[in-house]
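Let's take a walk through this model together, starting from one helix and working outwards. Keep the viewer open as you read.

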Amino acid sequence: MQRLPDGGHQGAWSAGFWARFLACGIVLLMAVPVLNAAMPPDYPIALPDYLVPLLGKYLCYALLALSLDLIWGYAGILSLGHGAFFALGGYCMGMYLMRQIGTRGVYGNPVLPDFMVFLNWKELPWFWWGFDHFVYAAAMIVLVPGLLALVFGWLTFRSRVSGVHLSIITQAMTYALMLAFFRNDMGFGGNNGMTDYKDILGWDVHQPATRLGLYLASMLALGLGYLACRYITASKLGRVLLALRDAEGRVRFLGYSVTNAKLLVFTVSAVLAGLAGALYVPQVGIINPSEFSPGNSIEIAIWVSVGGRGTLVGAIVGAVLVNSAKTWLTGAAPETWLFVLGALFISTTLVFPRGLVGLTGLSAWRRPPVAAAPVPAGERV
Amino acid sequence: MRLHLRILGAVLFALLTAAAPARAEDFALLVGNLGGESFAGKEKAVAGLGALGDTRAVPILQAMTDGRLLRGVDGRVVLSATEGRTTLVRDAVTGDEITGDDPNSFDRIIVNNRLRSTIEGALGALTLFSADPAARLAAARDALRHPSAEGAALLARAIAAEQDPTIREAMQQGLAAARLVSGSKEERLAALGALGTTTDPQVKNLLDEFRSATGTDPELQKAADAALASIGNRLWLVGLAANLFQGISLGSVLLLAAIGLAITFGVMGVINMAHGEMIMLGAYTAYVCQELFRAFLPLDWIDGYLLAAVPVAFLVAGAVGVAIERSVIRFLYGRPLETLLATWGVSLILQQAVRSIFGSPNKEVSNPSWMTGGFDPIGGFTVTWNRLCIIVFCAVVLAALALILHRISFGLHMRAVTQNRSMSSAMGIRTARVDALTFGLGSGIAGMAGVALSQVGNVSPNLGTIYIVDSFLVVVFGGVGNLMGTLVGALSLGVLNKFLEPLAGAVLGKIVVLGAIIFFIQRRPRGLFALKGRSVEAEA
């Protein structure tokens, strides 16, 4: 980096920012309930019920992309296993929802979920204990991905695994988890995963009102997640992260603990990803091991880079846009979707490496590294 | 039953020794006796036929158990066979067709249970002398499974006549088993010694039975224990050899998938996520070659399609590789994470292109006839030809690559550009050309790997994604930029996987291996064979 990100540091919490953030937030929070619930369904601009969970799903993806941007855009850690944290959060929520089914399952067992009855399990395994309480499940949604990231990150960053090697072992991690969750005797429903949810906190998940509530919760989580990421990146820690992204060796020699900085941000990112997964599951109605597949995790990176990495807003924009395009194209012309996605991957890296936000100049206060800057040997990422 | 067999055996033995000469007349006489009235007479005749060792008796005895052996009014014994709507009647001895007689004038020769088991024994004995080696081998194995005193004499005679060493060995084991059951103490001791050299689980059961039988001579018990221990050792060794072979086979598959990556990632530092698709293109090239051979060349040339597919796949995948390098990767040197994303995009496009052209279902690529089947080197597990061919092919590819890297000028340029791009350029090496060709080489090798993998797995558009994670792990585990590391990495992962499989199951074994690699990389981030020197820092 030849130029320091001037201005941005002080301007991160300016009145202008709050005005923009709150304006966007309130519009997005209000628009969907107004268009969906307050309008008569036959009104031309009314939002049909089926679109609400779809929009909610995009918001969850946006939160996931945000979490990846935090570590990739700001600390140069390209995790290709972020889908694993997302899926773990989703599984925790799925377990809570499974326990809420109670006797309404196919087999009517008050304690065991259907797939356990089907597999002839006699009692609930220990790792399912407590998931009938929402508070416990919510704690697990934060703790499970967080702890995994903490342990994995501690081992990895301590031994200075970085760059490509890190990407490859995170990919191996999610691949191993996928294989594990595909096994029936793991107690997580095998390759069918968990589905047929009934209630969340006493409300029927199929009711439009519940879905609207989940959408609002996702919106709120995204907003808070954005503020948290912005808080981190605008703080002193954020400066250290940016510095170590561009020249890890120098930061270490200056006396900063690169390991701790990376570990903190990696863990926070994993928790955000887990939260996104937990909100995602009740809206799509299923969680299964394919969420762990390495391809899914790589796709998150493309959302971020389409929007513009290292900008936070870009991740959100990218996730929503790419997924809207996916929904539309897989419906309209399914065979072209992979061509488009592939072309997106190539063009964002070759033609507009700073993404959509970079094109509009919105990210003037924070520049992602472009190859033009001379990178000293030994510090390429 | 046993007593009855003993009697039969005695009869057999008597007949064997007494009636060995003058076979032809005996055969006709005995067949004639099958039409006798008394069961005892028939039984004697059956036993006689069994002892005679004349395989002409086999269809006759089979017909007898099936109730197709008839007796004419003149006492002649005939076989009836239904062919379509007509029933043919043939003379049992000469095989001549008998016409003119009223089929209803024949009586069925009646068989009772006791006679039936005599026939079975005789049939088993007769197949020991069959002209078909497979039948003889089966009979010898059968004798091992059901040892009896009377079998011993027949086996001894069969061994004397046997030319094929494999069958003779099987017969000798059968003989030993028979002697163990019925022989004298010395014979039993010798039999125990002989049986200790097998790996057949049947023999182990037999010995277990023998060992646990009450009232056995302590000396015999000791010998049995020794034989059992020896079998246990051998079984363990066979298991070890089988695991090792399967491990090396899996390792060579991993190695083939990873060699190309060792060049593009290891030597050039390019994260090529489309590497798996190069493998897939190679596999589809094999499929297309097979179809072209089927369509345009004489039928007996089909086995050659694989030989044609290897160079074609190299060229196809290599050309695609050069195209990718020229159009995408050359703009991204020094930015590995961006390269990763761009090549992932390339891989999605290639997958979808292949899916659009060939369709999503698996394509069938058959092994050529010279690669089907296998052989059993030490007894107990089969080395299949296709696996063996892949191991050999893998070794050849690796050797050729080592030659290219270290013996010809292109390899020298390649290594020079890898080590110091600007210095090489200053020395007059056309670095851009070397980059393109190196990438083409790596991709071409992946294409050849695809041809090999089409022989052991499914050919589908997703083929590449199966191998991509594994290939990267092999390269990273072995140490980036080091062919030796890739070799050792692939083989050790393959062997480790196969040894874990029986302990933990296939999927869990794989998970354990993945976890182990993740931990290993954290302990030694530069892999098994780390490069030393300044280039190490540049890699970070």
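In helix H14 of chain A, the buried residues are A:Leu338, A:Leu341, A:Gly342, A:Leu344, A:Phe345, A:Ile346, A:Thr348 and A:Thr349. Bear in mind that you are looking at a predicted model. The helix runs over residues 334–350, 17 residues in total, and spans 25 Å from its first C-alpha to its last, close to the 24 Å expected at 1.5 Å a residue. As you look along the list of buried positions, it helps to recall that an α-helix has 3.6 residues a turn, so residues three or four places apart point the same way.

What covers those buried residues? Within chain A, the cover includes H12, H13 and helix H15 (355–360). Chain B takes part too, since helix H14 (336–358) of chain B is also included in that cover.

Stay with H12 and H13 for a moment, and look at the loop between them. Helix H12 (294–307) and helix H13 (313–332) of chain A are joined by a loop that holds A:Leu312. This leucine has a phi near 65 degrees, positive although the residue is not glycine. Most residues other than glycine have a negative phi. Is A:Leu312 buried or exposed? It counts as buried, because it has 27 C-beta neighbours inside 10 Å, and 20 or more are enough for that label.

A:Leu201 makes a good companion to visit next. Its phi is near 50 degrees, again a positive value in a residue other than glycine. You will find A:Leu201 in the loop between strand S2 (199–200) and strand S3 (203–204) of chain A. With 11 C-beta neighbours inside 10 Å, A:Leu201 counts as exposed, the limit for that being 12 or fewer.

Now go back to A:Leu312, which is among the residues that A:Leu66 touches, together with A:Gly225, A:Tyr226, A:Cys229, A:Leu272, A:Ala315 and A:Ile316, leaving aside residues up to four places away in sequence. In the largest nonpolar core, with its 196 residues, A:Leu66 joins A:Ala65 and A:Ala172 as the residues touching the most other members. Helix H3 of chain A (residues 51–75) gives this core its largest share, 17 residues. A second, separate core has 56 residues, among them B:Val46, B:Leu126, B:Ala191 and B:Leu192.

That brings us to chain B as a whole, with its 22 helices and 6 strands. Its radius of gyration is 34 Å, well over the 24 Å that the globule rule gives for 540 residues, so chain B is more spread out than a compact globule. Its C-alpha atoms fill a box of roughly 105 × 65 × 40 Å along the principal axes.

Methods:
Residues numbered from 1 in each chain as written. Chains lettered and ligands numbered in written order. Predicted model: local features only at pLDDT ≥ 70, side-chain atom pairs only at ≥ 80, totals over all residues. Helix = DSSP H or I, 4+ residues; strand = E, 2+ residues; numbered from the N terminus. Rg over C-alpha atoms; globule rule 2.2 N^0.38 Å. Core = buried A, V, L, I, M, F, W, Y, C linked by C-beta atoms within 7 Å. Contact = placed C-beta atoms within 7 Å. Expected span 1.5 Å × (residues − 1).
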